[in-house]
Amino acid sequence: MALLEVKKLGISFGGLRAVDDLTMSIEDGSLVGLIGPNGAGKTTVFNMLTGVYSPTNGKIELDGKNIIGMKPNQICEAGIARTFQNIRLFSKMSVLDNVKIALHNQVYYSLLEGFLHIGAYHKKEEAMNAKAMEILKVFDLQEQADYKASNLPYGKQRKLEIARALATNPKLLLLDEPAAGMNPNETAELMKTIELVRKKFKVTILLIEHDMKLVAGICEYLYVLNFGTLLTSGAPEEVLHDKRVVTAYLGED
Amino acid sequence: MIQRLFKNKSAMISLLVTIVIYILVIVLVSAGLLSRQLTSIIIPVCVNVMLAVSLCLIVGFLGELTLGHAGFMSIGAYTGALITLNATALPAPVSFGLALIAGGLVAGIFGVLIGVPVLRLRGDYLAIVTLGFGEIIKSIINSLKLTNGAAGLSDIPKYATYKQFTLVYIIMILMILLITNLVNSRHGRAISSIRDNYIAAEATGIPVSKFKVIAFVISAVFAGISGVIYAHNVGILKPGNFDYNRSIEVLVMVVLGGMGNIKGSIIAAVILTLLPEVLRGLDDYRMLMYAIVLITMMIFNNSTLKNRMFKRKSKAVEKEGA
Amino acid sequence: MNVLNSIIEQLINGLRTGSIYALIALGYTMVYGIAKMINFAHGDIIMVGAYVLYLFVTLLHIPVIPAVLITILSCAVIGVVIEKVAYKPLRKAQPLAVLITAIGVSFFLQNLIQIIFGATPIPFGSIINIPAIRLGSITISGITIVTLSVTTICMIALTWFINKTRAGRAMRAVSEDKGAAELMGINVNGTISLTFFIGSALAAVAGILFICQYESLKPTLGALPGIKAFVAAVLGGIGSIPGAMLGGILLGLIESLSKAYISTQLSDAIVFGVLVIVLLVKPTGLLGKQRREKV
């Protein structure tokens, strides 16, 4: 049984069928890409996987459990974390706090202890600080731990978003166009970061990307979406040379 | 815990300031150095500080505008007053203590009743609905026999005059401490994350609705307790005391203090309570000036002027709270 | 027969109040659609309109028709000034900041008028001197006739303007996509100013009709109708012009029937109740468009 099973997933917005009859199977530990031209419905799929949208039909199962109907925060606790197409950091909070929030459900102390700063508060806060710094170190962000998140340069903001997502200890990490706005150097660095993340955090990754170099470079398997339906799927070498895929992108590389 | 206190420099400073202010006020009052006008304003300052800090939690940290804060104050005030007025058999400290607890509790219950359905809304809609509830609460108090309608309650025992400054001061400091602590805890971070990006907060595992209600209820409880103290300071309650204008007054304090800045809210509350007393002649223009303050603060906060003025702070984080 | 009469009278009252709400709601909805903000101070423009009319007619003894025209023009200009001074600097700011500023403007208007004219209610004799009509056993007052006619004319004129003129098309374009409209050469700032101009003018008309009905001025007179009109705009679908009209009329009817058959005090609570229900059940209102937040 795969980690994530998506069966005949579909959603309609009014009269528009944004996604139709999508079936995917993501194996534990794999790195899968979801590609397709703009407007194909990729982010909509992510939104359904994370509970932001409610699918009209179909099934989504994480580790055999149905997650349709669960709220986004419940899905996060169940093990799916994500980043966003347009970076969504907690802009007024520090870099460290951004990661500490992600530890909210893993390091527990009661509201009373939070009010009075007694009991488990200090120990758990120190534990959170340590864990958060550890994660920041993986992304080389530990120097900027006290910076306001919105003051980081773009590339580092993207890294922070990934760091935050990983701090929730997910089984499945959804990356929505992580290389958007990056130059070739930054993209190459990102590819290395993603590989590092896979090794260190032992997490399954499903990513949306337009940068074909990155897609071809690290993805083990690809799903191609066009007009909301699955065009084809398979290993990158086959899929990227598939005439239909090339046509769908209209010559885009 | 005391050792931890000594290690934390800013906490030490806060503690020092707290003690110094307390001693200062006590000395000034006992030496008779304050005019009657100024002694009568000591408790109202404390009340406004409590209101401002409790509203700051919602407007500054949760990032939502609520225009019915005075409503919770009135619920607490009336509940507390009804208890002390009727519990004449009990000794004063007991009945006042009960009043404080009950005032906060009942306000909190209303916070849950109103919060759960309403906090799903956001922004403008939430503001208007809370405004509506504030008006509805006033309307209900105005027509209930229990609260004596428009005539209000009078002869409330004055358990919170400047003579009981110590007690009120302790309650106020406790409230400030609790909120500051909350903001620096995982729950406080959760609340702030909702302000910064509620979609990301949910995706990161924060149950947004639950925390909105928690913040709202805490703010309501504290507003209720402030109301009890207010009631036992002035001795009279009328539904008109807790109107839209009152809610706006407190909002101005929070805005002037810099949203999300507890110390700022405290200072603004003190200034905006003292100022009208000092500027008695300009009383008519007070509300107008508040309006101008709101508008200019918002424009200033978002202008390039501010960014240029605070450029050197741009890399370091402006730590929230105390 | 009497029961039927009274129901019809209540319905007519509801139509009258509702059409005033519709006029005000149009201002809210246009500003929301184009400037993407709720102008909290919109209700207070009604109040300003009423006072300005009082100023011209009662204090300055200007004849009725010129006074009405100057009142409408003054309010329109005030609306544009407010936008330029208080809202334009915050175009890129967070919604909370704009909201607080709008509240500041509302508060400012109320207190400015209070300082100038005092807080005591000022009686004002209606300037509408059209005789009532009798239809069978039902009497329709002159005010009602004028209100219904004026609001109908305004709504038709506005719909024509939005759909058939260049400026109207520009407004629709800006409400769809501000960035694209700008790239197409549309003067976005001018369009937004025009929106506030028209919205405030309509609010002035509403204020005049309102004061002729209720004949008493006080600085807070705009607050409650303003909020109710906001509820009407939400009910009809915020951002939709036909929605504002529909919502206004519906809310007027709901309020009128509640006042008559349930209770006057509860009727206000019912209006808020409508708002909460709409926002929880169908936030886009009856005719509103589904606006999904981009995730």
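This passage describes the sheets, domains, chain contact and nonpolar core of a predicted model, together with a few individual residues.

Chain A is divided by the domain assignment into domain 1, which is made of residues 1-79 and 170-253, and domain 2, which covers residues 89-168. The centres of these two domains of chain A, taken over C-alpha atoms, are separated by 27 Å. Where the two domains of chain A meet, domain 1 contributes 15 residues and domain 2 contributes eleven residues. On the side of domain 1 of chain A that touches domain 2 of chain A, at least two residues each are supplied by α2 (72-78), β7 (172-176) and α7 (184-201) of chain A, and the largest share, six residues, comes from α7(A). By class, this side of domain 1 of chain A comprises ten nonpolar, two polar and three charged residues.

An open sheet of six strands in chain A follows the order β6-β7-β8-β3-β9-β10, and its pairing is mixed. At its edges stand β6 (80-82) and β10 (229-234) of chain A, each of which pairs on one side only, and from one strand to the next the twist averages 20°. Within this sheet, strand β3 (residues 31-35) of chain A runs parallel to β8(A), to which it is joined by four bridges, and A:Gly33 stands opposite A:Leu207 in β8(A). Helix α1(A) packs on the sheet, where it touches β3, β6, β7, β8 and β9 (221-226) of chain A, and its direction makes about 150° with that of β7(A).

The residue A:Leu207 belongs to strand β8 (residues 204-208) of chain A. A residue is classed as buried if 20 or more other C-beta atoms lie within 10 Å of its own; A:Leu207 has 24 C-beta neighbours inside 10 Å and therefore counts as buried. When neighbours within four places in sequence are left aside, A:Leu207 is in contact with A:Gly33, A:Leu34, A:Leu175 and A:Pro178. Although A:Leu207 and A:Thr83 are 124 residues apart in sequence, their C-alpha atoms are 9.6 Å apart in space.

An open sheet of four strands in chain A has the order β2-β1-β4-β5, with antiparallel pairing. Because β2 (16-26) and β5 (65-66) of chain A stand at the edges with a single partner strand each, one side of each is left without a neighbour in the sheet. Strand β4 (residues 57-62) of chain A is joined to β5(A) by two bridges, and the two strands run antiparallel; here A:Leu62 has A:Lys65 in β5(A) as its bridge partner. Helix α1 (residues 42-49) of chain A, described above as packing on the six-stranded sheet, also lies across β1 (4-13), β2 and β4 of chain A, running at about 65° to β2(A).

Outside the strands, A:Lys202 lies in the loop between α7 and β8 of chain A and has a positive phi of about 50° although it is not a glycine. With 10 C-beta neighbours inside 10 Å, A:Lys202 counts as exposed. In chain B, a positive phi, near 65°, is likewise found in B:Asn148, a residue other than glycine, which is placed in the loop between α7 and α8 (165-183) of chain B. B:Asn148 has 17 other C-beta atoms within 10 Å and is partly exposed.

The contact between chain B and chain C takes 33 residues from chain B and 29 residues from chain C. On the side of chain B that touches chain C, α6 (92-118), α7 (123-143), α11 (244-256) and α13 (286-301) of chain B each supply at least two residues. This side of chain B consists of 22 nonpolar, eight polar and three charged residues.

The largest nonpolar core contains 275 residues, and those with the most contacts inside it are B:Ala52, B:Leu294 and C:Ala50. Helix α4 (residues 42-62) of chain B gives the most to this core, contributing 17 residues. In chain C, when residues up to four places away in sequence are not counted, C:Ala50 touches C:Gly207, C:Ile208, C:Phe210, C:Ile211, C:Leu217 and C:Leu221.

Definitions and conventions
Residues are numbered from 1 along each chain as its sequence is written. Chains are lettered from A and ligands numbered from 1 in the order in which they are written. This is a predicted model: local features need pLDDT of at least 70, side-chain atom pairs count only at pLDDT 80 or more; totals for chains, interfaces and linings use all residues. Two residues are in contact if their C-beta atoms, placed from the backbone, lie within 7 Å. Ala, Val, Leu, Ile, Met, Phe, Trp, Tyr, Cys and Pro count as nonpolar, Asp, Glu, Lys and Arg as charged, and the others, Gly among them, as polar. A residue is buried if 20 or more other C-beta atoms lie within 10 Å of its own, exposed if 12 or fewer, and partly exposed in between; C-beta atoms are placed from the backbone. Two strands pair if DSSP finds at least two bridges between them. Axes are lines fitted to C-alpha atoms, for helices over the stretch in contact, and angles run from 0 to 180 degrees between N-to-C directions. A nonpolar core is a set of buried Ala, Val, Leu, Ile, Met, Phe, Trp, Tyr and Cys residues joined through C-beta atoms within 7 Å. Domain bounds come from an automatic or database domain assignment.
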